[in-house]
Amino acid sequence: MKLSSKVAELTELIEPAVSACDVALWGIEFLPQGRRSLLRVFIEATPEDKAQGKQVTIEDCAAVTHQINGVLDVHDPIAGEYLLEVSSPGLDRSFFYAEQLHDYIGQTLSLRLIQAIGTGSDKRRKVTGALKSIGEHDLVVTAEPSTNPHDYTIRLDNIDKANLVYSFDD
């Protein structure tokens with residue numbers, strides 16, 4: 001779960017603007033697309049507000065959009081045109097940092113890996129399963145093939161993308 005240098009730069013610029021709106025930055029996706037890039041900013045209620053049952057509102061997204069536009073106009077870190085989207089991470093949220101995973105132990109994740117893991121016919125770049133544990137450098141996911149569950153230990157720096165698999169049972 002490594003951020004590109006561009007995303008790290010944008011995070012450093014944007015995080016104070018998000019915090020000024022009394023919400024927390026969940027993560028950033030930057031997708032250069034030729035002459036027009038896409039910047040997605042995901043915000044979440046602060047831990048204190050979440051403890052009180054508060055969630056991100058449309059008004060929060062509008063306020064953060066206004067703040068970020070001001071910061072980007074001043075610093076101009078994106079060459080060319082870009083589209084800014086601000087939203088909550090949603091039920092099938094992407095994870096941007098390993099620390100975000102700790103609250104989701106026991107829940108199902110979908111992982112896309114940089115390098116395949118496993119051996120022989122069990123080699124795979126995609127793993128879906130319950131997050132069993134997370135350590136400093138790796139995590140353990142219990143994948144359930146049709147007959148018997150299998151634990152995969154996956155290095156955090158081998159994860160290209162991680163998403164929560166939302167279930168109505170949660």
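Two strands count as paired if DSSP finds at least two bridges between them. With that in mind, the tour of this predicted model can begin at a pair of strands.

**Stop 1: the three-stranded sheet**

Select residues 24–31, which form β1, and then residues 36–44, which form β2. How many bridges join β1 to β2? There are 7, and the two strands run antiparallel. Within this pair, Glu29 has Arg40 of β2 as its bridge partner.

Now add residues 81–87, which are β3. The three strands make an open sheet in the order β1-β2-β3, and the pairing is mixed. Which strands stand at the edges of the sheet? They are β1 and β3; each has a single partner strand, so one side of each is left without a neighbour in the sheet. From one strand to the next, the twist averages 15 degrees.

**Stop 2: the helices on the sheet**

Keep the sheet displayed and select helix α1, residues 5–19. Helix α1 packs on the sheet, where it touches β1 and β2. The direction of α1 makes about 145 degrees with that of β1.

Next, select residues 58–75, which are helix α3. This helix lies across β2 and β3 and runs at about 150 degrees to β3.

**Stop 3: a salt bridge inside helix α1**

Return to α1 and show the side chains of Lys6 and Glu9. They meet in a salt bridge, with a distance of 3.6 Å from N to O. How many residues apart are Lys6 and Glu9 in the helix? They are 3 residues apart, which means a separation of about one helical turn. Lys6 is partly exposed, at 24% relative accessible area, and Glu9 is also partly exposed, at 37%.

**Stop 4: two cysteines**

Select Cys21 and Cys61 and display their sulfur atoms. A disulfide is a covalent bond between the sulfur atoms of two cysteines. Why do Cys21 and Cys61 not form such a bond? The sulfur of Cys21 has its closest cysteine sulfur in Cys61, but the distance is 10 Å, which is too far for a bond. The cut-off for a disulfide is 2.5 Å, and the count for this model comes to 0 disulfides. Are these cysteines buried or exposed? Cys21 is buried, at 14% relative accessibility, and Cys61 is buried, at 14% as well.

**Stop 5: the two domains**

Colour residues 5–90 as domain 1 and residues 98–164 as domain 2. The centres of the two domains, taken over C-alpha atoms, are 28 Å apart.

**Stop 6: further salt bridges**

Select Arg112 and Asp160. Their side chains meet in a salt bridge at 2.8 Å, N to O. Arg112 lies in strand β5 (residues 108–117) and Asp160 in strand β9 (residues 159–164), so the pair ties together parts that are 48 residues apart in sequence. Both residues are partly exposed: Asp160 has a relative accessibility of 43%, and Arg112 has 36%.

Move to Arg155 and Asp157, which form a salt bridge whose closest N and O atoms are 3.4 Å apart. Asp157 is partly exposed at 48%, and Arg155 is partly exposed at 45%.

Finally, select Glu29, Arg40, Glu85 and Lys161 together. These residues are linked in a network of salt bridges. Glu29 and Arg40 appeared at the first stop, where they were bridge partners. In total, the model contains 10 salt bridges.

Methods. Residues are numbered from 1 along each chain as its sequence is written. This is a predicted model: local features need pLDDT of at least 70, side-chain atom pairs count only at pLDDT 80 or more; totals for chains, interfaces and linings use all residues. Side-chain values use heavy atoms; hydrogens and water are left out. Buried means under 20% relative accessible area, exposed over 50%, partly exposed in between (1.4 Å probe, protein chains only). Domain bounds come from an automatic or database domain assignment. A salt bridge is a side-chain nitrogen of Lys or Arg within 4 Å of a carboxyl oxygen of Asp or Glu. Helices (H or I, at least four residues) and strands (E, at least two) are DSSP runs, numbered from the N terminus. Axes are lines fitted to C-alpha atoms, for helices over the stretch in contact, and angles run from 0 to 180 degrees between N-to-C directions. Contact means heavy atoms within 4.5 Å.
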